[in-house]
Amino acid sequence: MTSAYKAKICGTTNVEDAEMAAREGADFFGVVVEVDFSPRSLTIDAAKPLFSSPPLPPVALVYNMASTRVETLIQQLNPFAVQFLSLAEASFVTYLKNTYPRVEVWQSVHLPQAGETVDVENFQKTVQISVTAGVDALLFDTAALSKGEMKFGGTGVTSDWDIVKKLMDSMRGTVPIWLAGGINPDNVGEAIDKINPYGIDLCSGVEATRGKKDAAKLRSLMTTIRGKGLK
Ligand SMILES: O=C(O)c1ccccc1NCC(=O)[C@H](O)[C@H](O)COP(=O)(O)O
């Protein structure tokens, strides 16, 4: 039996944390690759040990990476999926799907933090373009300012879950939709109850220190996720 909700432990920087995520029952781990605004980012070379014999399907996250570099990443790391933090061109998504059929293409969509205005229609259009282009999954995350810089992920900040629900409900049944942004062991139950996503993606909410995961937080998170239903 597996949990009804998937869990992806992201911003993984070392093999020990990937193994810990697997032991605690997560389904995927994510590695941020060559993203300058992320303190958890690794170069392709530094990421190789995490991808060489992974304990879970590994996802490589990229932001505005040149298309040739994305192909180098795929050839050198052989990820389960490439997750675009910036909007991938529809033609590039189609090209990747045709050229590397075993690699999934995931697209992050960043909403402002809770309390800020959201152009829902515009988000719906963006998301529809990605789905039509053939992405395998969508991740609704939060973009937020930190120390004067806009960060597209790893913020530890939630977006407006009522708006996420509205967006998600309008896309339900197209591709799996993940919820990310400021989720932690204390609010994951409420997030699942409210949004009913395909899966939960999180990073800072299960860290002991920046870039290092915490076994107790991971266990607590996974206990709640598993308690939300079995299939
Ligand atoms: O972890 C980072 O530093 C990071 C930076 C830029 C993009 C993504 C990043 N992390 C990976 C993720 O996809 C996170 O799980 C997601 O953004 C949610 O992060 P958090 O709010 O910290 O749970």
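Helices and strands here are DSSP runs, numbered from the N terminus. With that in hand, let us walk through the model, which is a predicted one.

## The annotated stretch

Residues 7-222 carry a label in an unreviewed UniProt entry, which gives "domain: N-(5'phosphoribosyl) anthranilate isomerase (PRAI)". Over residues 7-222, helix makes up 37% of the chain and strand 25%. The C-alpha atoms at the two ends of residues 7-222 are 8 Å apart.

## Strands side by side: E2, E3 and E4

A good place to begin is strand E3, residues 58-62. How many of the residues of E3 are buried? The count is 5 of 5, and the strand is mostly covered. In a regular strand, side chains alternate between the two faces of the sheet. You can look for this in E3: Pro58, Ala60 and Val62 point one way, while Val59 and Leu61 point the other way.

E3 has a pairing partner in strand E2 (residues 28-32), joined in the parallel sense over 4 bridges. One pair to find on screen is valine 31 with its bridge partner in E3, alanine 60. E3 also runs parallel to E4, again with 4 bridges between them. Here leucine 61 has glutamine 83 in E4 as its bridge partner. Strand E4 covers residues 81-84, with Ala81 and Gln83 pointing one way and Val82 and Phe84 the other. Are these four side chains buried or exposed? Ala81, Gln83, Val82 and Phe84 are all buried.

## A hairpin: E6 and E7

Now move along to strands E6 (residues 137-146) and E7 (residues 149-152), which run antiparallel and are joined by 4 bridges. Across this pairing, alanine 143 stands opposite phenylalanine 152 in E7.

E6 and E7 form a hairpin, with 2 residues between the strands. Which residue in the turn has a positive phi? That residue is lysine 147, with a phi of about 50 degrees.

## Two helices that cross: H2 and H3

Two packed helices are described by the angle between their axes and the distance between the axes. For helix H2 (residues 44-52) and helix H3 (residues 67-77), the axes come within 10 Å and cross at roughly 35 degrees. The crossing of H2 and H3 is right-handed.

Which residues make the contact? From H2 come Ile44, Asp45, Ala47, Lys48 and Phe51, and they meet Arg69, Thr72, Leu73, Gln76 and Leu77 in H3. By type, the residues of this contact divide into 5 nonpolar, 2 polar and 3 charged.

## Two buried residues: Ala88 and Leu96

Alanine 88 sits in the loop between E4 and H4. Its relative accessible area is 11%, and buried means under 20%, so alanine 88 counts as buried. Leaving aside neighbours within four places in sequence, alanine 88 is in contact with Val93 and Gln107. Serine 130 lies 42 residues from alanine 88 along the chain, yet their C-alpha atoms are separated by 7.8 Å.

Leucine 96 belongs to helix H4, residues 90-99. Why does leucine 96 count as buried? Its relative accessible area is 2%, and the limit for buried is under 20%, so leucine 96 qualifies. Not counting residues up to four places away in sequence, leucine 96 touches Val70, Ile74, Phe84, Pro101 and Val105. As for serine 204, which is 108 residues from leucine 96 along the chain, the C-alpha atoms of the two are separated by 30 Å.

Key. Residues numbered from 1 in each chain as written. Predicted model: local features only at pLDDT ≥ 70, side-chain atom pairs only at ≥ 80, totals over all residues. Heavy atoms only, no water. UniProt positions renumbered as here; feature names shortened; annotations may be inferred. Axes fitted to C-alpha atoms, helices over the stretch in contact; angles between N-to-C directions. Left-handed = near helix turned anticlockwise from the far one by under 90°. Contact = heavy atoms within 4.5 Å. Nonpolar A, V, L, I, M, F, W, Y, C, P; charged D, E, K, R; others polar. Pairing = 2+ DSSP bridges. Buried < 20%, exposed > 50% of the residue type's maximum accessible area, 1.4 Å probe, protein only.
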